[in-house]
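Here's a quick briefing for anyone meeting this structure for the first time. Have a look at the model, then read on.

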Amino acid sequence: MRILCLASVFGLLGSAVSQPASADAYFSTELPVAKAGLLANIGPSGAKSSGAKSGIVIASPNTVNPNYLFTWVRDSSLVFKVITDQFTLGQDTSLRSQIDNFFTAEAALQQVSNPSGLVTTGGLAEPKFNIDGTAFTGPWGRPQRDGPALRSTALITYANWLLSNGNSTFVTNTLWPVIKLDLDYVSTYWNQSTFDLWEEINSSSFFTTAVQHRALREGSALATRIGQTASVGTYDSQAANILCFLQTYWNPTTGYITANTGGGRSGKDSNTVLASIHTWDINAGCDATTFQPCSDKALSNLKVYVDSFRSVYPINSGINAASAVAVGRYPEDVYFNGNPWYLSTFAVAEQLYDGLLTWQSVGSIQVTTTSLAFFRQFSPSIATGTYTSTSPQYTQLTSAIKTFADGFVEIAAKYTPSNGGIAEQYDKSTGAPLSAADLTWSYASVLTAGASRAGIKPASWGASGLTAPAKCVPNPGPQVSVTFNVQATTQFGENIFVVGSVDVLQNWSPDTALPLSATNYPTWSLTVNLPANTNIQYKYIRKFNGQVTWESDPNNSFNTPATGGFTLNDSWR
Ligand code: NOJ
Ligand code: NOJ
């Protein structure tokens with residue numbers, strides 16, 4: 001009685017902390033609030049986004065401490081993936097005009113010259129813009145190369161639905177050129193360093209690599225489906241290279257994914273959980289190559305990541321070691337003094353809900369030495385092996401894991417204010433909402449976790465059956481197409497070759513010099529890809545009866561441009 005009275009007194013005082021709710025109860029009230037909160041942050045008519053251009057997603061209406069009244073390509077694309085899934089899965093057919101607005105807004109943003117460059121010179125990785133669609137020119141952690149990948153994934157989901165619903169002309173003529181810009185960007189620049197999704201570390205980043213891999217796979221499939229096959233070979237070969245690189249983030253001795261190659265932190269990071277949920281493909285089962293949510297690697301990683309917060313947030317004290325806790329971006333975080341984040345908390349639940357659906361579809365749970373520690377949280381004596389869905393172990397594990405997953409939702413619920421508004425963070429000591437209010441991405445994270453809990457499976461992206469090449473091929477970096485034309489009169493049986501200072505030009509080796517063709521004799525021609533922004537030295541040589549004749553000195557020399565093509569018109573010297 002006394003306890004109840006106290007609770008109601010806190011309620012009257014307007015405490016930020018509402019009554020604890022079960023995951024069921026929480027989702028039934030919070031899902032509509034989250035959906036409305038998300039839509040309120042989209043221009044032109046969202047209730048909290050006045051001034052935002054049509055189709056522009058604001059990160060949050062907050063204008064001071066922090067000012068998030070900007071549009072981020074990452075946040076917007078994740079938000080529109082949720083909207084597009086709801087539309088294409090037939091849950092809300094009213095969303096189509098929002099998706100069309102988003103497409104138009106993003107197609108315009110692609111063309112805006114910005115501090116990362118022009119559309120053709122790297123501008124696609126600019127992380128954020130003003131909400132009127134103009135460039136943000138202040139200092140920032142740029143480039144962020146996850147943006148083009150996430151945006152193409154959202155648009156590809158829409159394109160696939162349109163194709164299945166008889167609108168291939170619009171897809172081919174209107175959507176495809178925009179999607180292709182993003183895919184070409186990913187395929188060219190994936191191996192260059194990037195700021196991570198938290199905009200702090202400039203290195204390679206697991207989340208970015210994982211979503212880039214996904215984008216090229218589904219991009220290649222879409223291109224094939226609409227007969228735009230010119231870049232398919234490049235997308236496929238770069239996707240294989242990315243998948244190879246993705247494996248290198250896994251640390252077998254510590255059992256987790258190191259989120260960034262730089263930055264000097266532990267590498268335990270919500271980055272990796274977000275990567276797993278945003279590349280979930282139920283058709284891939286518990287495949288570890290793509291770090292599927294129920295893969296042994298992703299589960300081991302999840303445990304290490306969650307445990308890293310048990311002792312860093314006061315609100316976690318006293319919670320036992322196998323129960324859900326508040327989690328944030330990474331344990332070393334100092335932004336706003338370092339606190340739990342709602343979207344990170346929902347992401348843990350979502351990975352587990354995705355896993356539960358996948359085990360159900362596979363019909364068994366496999367416990368390996370890699371995932372043993374994860375499963376022992378729920379069954380201390382479980383051994384490695386495969387437990388089919390009819391076994392008592394399967395029933396026990398899935399039920400305990402569901403409870404564990406719901407626990408993360410219940411933590412978020414406990415720290416959701418009674419109006420249901422969701423900020424970016426909640427205070428590590430009091431649980432009160434902190435930093436940007438009404439964070440659009442937070443609302444999206446409620447919706448995706450809730451959807452997975454309700455058994456909703458997003459469309460497959462082609463993750464099934466992939467294997468990483470045994471040896472990773474280093475990405476050659478940006479290339480330009482260069483045509484060598486040389487006027488040379490020759491005698492019968494004599495041929496012209498080119499050789500020069502870079503790998504493709506055989507590092508001056510006449511034995512392996514590249515042959516030109518005399519289709520337009522006496523002009524001999526060859527087109528090759530060479531590294532962009534590079535000084536190239538070269539010479540033509542003649543070969544006749546095994547005899548090599550070099551052009552006279554000095555070497556020919558030119559600089560390749562940043563992008564596009566280049567033609568050399570020479571005469572034999
Ligand atoms: C703003 C970024 O968005 C946030 O992720 C970062 O932690 C802070 N700046 C501090 O660098
Ligand atoms: C800071 C977060 O670290 C970053 O991921 C996000 O894009 C921006 N805030 C905007 O929400």
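Which oxygen-bearing partner lies 2.4 Å from a polar side-chain atom of Glu199? The partner is ligand 1, through one of its oxygen atoms. Keep in mind that this is a predicted model, where local features need pLDDT of at least 70, side-chain atom pairs count only at pLDDT 80 or more, and totals for chains, interfaces and linings use all residues. Residues are numbered from 1 along each chain as its sequence is written, chains are lettered from A and ligands numbered from 1 in the order in which they are written, and side-chain values use heavy atoms, with hydrogens and water left out.

**Around ligand 1**
- Trp198, Glu199, Glu200, Arg329 and Tyr335 surround ligand 1, each with a heavy atom within 4 Å of it.
- Sorted by class, that shell has two nonpolar, no polar and three charged residues; Trp and Tyr count as nonpolar, Glu and Arg as charged.
- Oxygen atoms of ligand 1 also sit 2.7 Å from a polar backbone atom of Trp198 and 2.8 Å from a side-chain N or O atom of Arg329.

**The annotated pair**
- Asp196 and Glu199 carry the "active site" label in an unreviewed UniProt entry, and such annotations may be inferred rather than shown by experiment.
- Asp196 is buried, at 0% relative accessible area (buried means under 20%, with a 1.4 Å probe and protein chains only).
- Leaving out residues up to four places away in sequence, Asp196 touches Gln144, Ile201, Ser205 and Asn260 (contact means heavy atoms within 4.5 Å).
- Glu199 touches Gln144 too, with Trp72 and Arg74 also among its contacts.

Methods: Polar contact = N/O pair within 3.5 Å; in protein donor to acceptor, adjacent residues only side chain to side chain. Buried < 20%, exposed > 50% of the residue type's maximum accessible area, 1.4 Å probe, protein only.
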